[in-house]
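Trainee: Could you take me through one strand of this structure in detail, with its partners and its surroundings? I would like a connected account rather than a list.

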Amino acid sequence: MKFEIKPVSPEDAGALVEIYAPYVTDTAVSFEYTVPSVEEFKCRIENTLKVYPYLKAVGETGAILGYAYAGRFRARKAYDYTAEVSIYVRRDFRGCGIGKALYTELEKELAARGVHSLIAVLSVPCGEDSHLTLDSFKFHLAMGYAKAAHFHEIGCKFGKWYDMVWLEKLINTSAESEIITELYFFSLGSFRKRKSSVSYHFRFIFRFHIFYVKTENIKRNHSTFHFPLSTLRI
C-alpha cells in the first residue's frame, strides 16, 4: 500500500487520539487508564515538537495511519544524547510496513540531531493475555533493538500485573560519537593531560575535520538540524 511519512502538527491531535484510544481502552500497551482529551494530546504534541521529531504516516486518502515520536529519556544533562521512542499504528493497518517506515525516518531525524542512543519502553505480558501480546517486542527486535532490562510486575491494568522491558539501539556510532568524547575532554581542559604527543594532536584535528564535513552535509539535508554541542565549554 502507498503512504507518506510527514511531520505531525498540533492540528493532527484529533486523528492521533483516535489511533491511540484503543491502545488505552482495550490493551495494556499503554499504561494509561483513560484516553487523553484532544486538547491534552495537542499540548503533548506541542511540547514534543519543541525538541524532538514527531512523524505520521499518511495514506492515499489523507487519513493518518500511524505515528511515531521521540521524547526525553531522563532530565539530567548527560542524557541529552539519548531519546525514548514510541510508535502507534492503526490496528487495521498493522503489518503493512507502516511501523518500519515510521521508525526508519524517525531514526534518521534523531541521528541528524545528534542523538546517539534510542530507548523503547514496552509492557509485556507475564503469560497468556487477552490484552497484550509480544508483537511490539518482536517488532523492535526486528528493527535492531536489543533487550537491556526487564522489570517484573511493574504495572497493574485490567486487574492484572504486567512486566516492562527496556530495549536499546545505538545510532551515530561512527566518527561523530568519537569526536564528541574528544571535545568533551578538550572542553574540560584535560586534553593535554590525556595525551600530549604531536601525532595525537594531528589525529584529533583530522577527526574533527571529518566530523565537520559530515555535520555540514547533514545540515544541508536536514533543515531542522540541532546538534547539541552548545553545552560544551570550548
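Mentor: Happy to! Let's begin with a pair of residues facing each other across two strands: Val-85 has Ala-120, in strand E5, as its bridge partner. Val-85 and Ala-120 give us a way into strand E4, because E4 and E5 (residues 117–124) are joined by four bridges and run parallel. To get from E4 to E5 the chain passes through helix H3 (residues 98–112), and this β-α-β crossover is right-handed. Please keep in mind that this is a predicted model. The mean pLDDT of the chain is 84, with 74% of its residues at 70 or more. Residues 218–234 call for some care: their pLDDT is below 50, although this stretch has 31 contacts in the model beyond near neighbours in sequence.

Back to the strand and its other partner. Strand E3 (residues 64–72) pairs with E4 in the antiparallel sense, over seven bridges. Here Tyr-69 is the residue opposite Ser-86 of E4. E4 thus has a parallel pairing with E5 and an antiparallel one with E3.

How enclosed is the strand? E4 covers residues 82–89, and seven of these eight residues are buried, so the rest of the structure largely encloses it. Thr-82 makes a good example from this strand. Its relative accessibility is 14%, and because the cut-off for buried is under 20%, Thr-82 counts as buried. Leaving out residues up to four places away in sequence, Thr-82 touches Tyr-52, Phe-73, Val-115, Ser-117 and Ile-119.

Now for the helix on the path between E4 and E5. H3 has 15 residues and spans 21 Å from its first C-alpha to its last, close to the 21 Å expected at 1.5 Å a residue. Its buried residues include Ile-98, Leu-102, Tyr-103, Leu-106 and Leu-110. Glu-107 and Glu-109 are also buried in H3, which may interest you if you are looking at charges. After H3 comes Gly-114, with a positive phi near 90°.

Finally, a word on cysteines, as you may wish to check them when setting up a calculation. Searching the whole structure gives zero disulfides. Cys-96 is partly exposed, with a relative accessible area of 34%, and Cys-156 is partly exposed too, at 35%.

To pull the picture together: E4 is a largely enclosed strand, paired with E3 and with E5, and H3 carries the chain across from E4 to E5.

Note on methods: Residues are numbered from 1 along each chain as its sequence is written. This is a predicted model: local features need pLDDT of at least 70, side-chain atom pairs count only at pLDDT 80 or more; totals for chains, interfaces and linings use all residues. Side-chain values use heavy atoms; hydrogens and water are left out. pLDDT is the predictor's confidence in each residue, from 0 to 100. Contact means heavy atoms within 4.5 Å. Buried means under 20% relative accessible area, exposed over 50%, partly exposed in between (1.4 Å probe, protein chains only). Two strands pair if DSSP finds at least two bridges between them. A crossover is right-handed if, with the strands pointing away from the viewer, the path from the first strand over the helix to the second runs clockwise. The expected span of a helix is 1.5 Å times one less than its number of residues. A disulfide is a pair of cysteine sulfur atoms within 2.5 Å.
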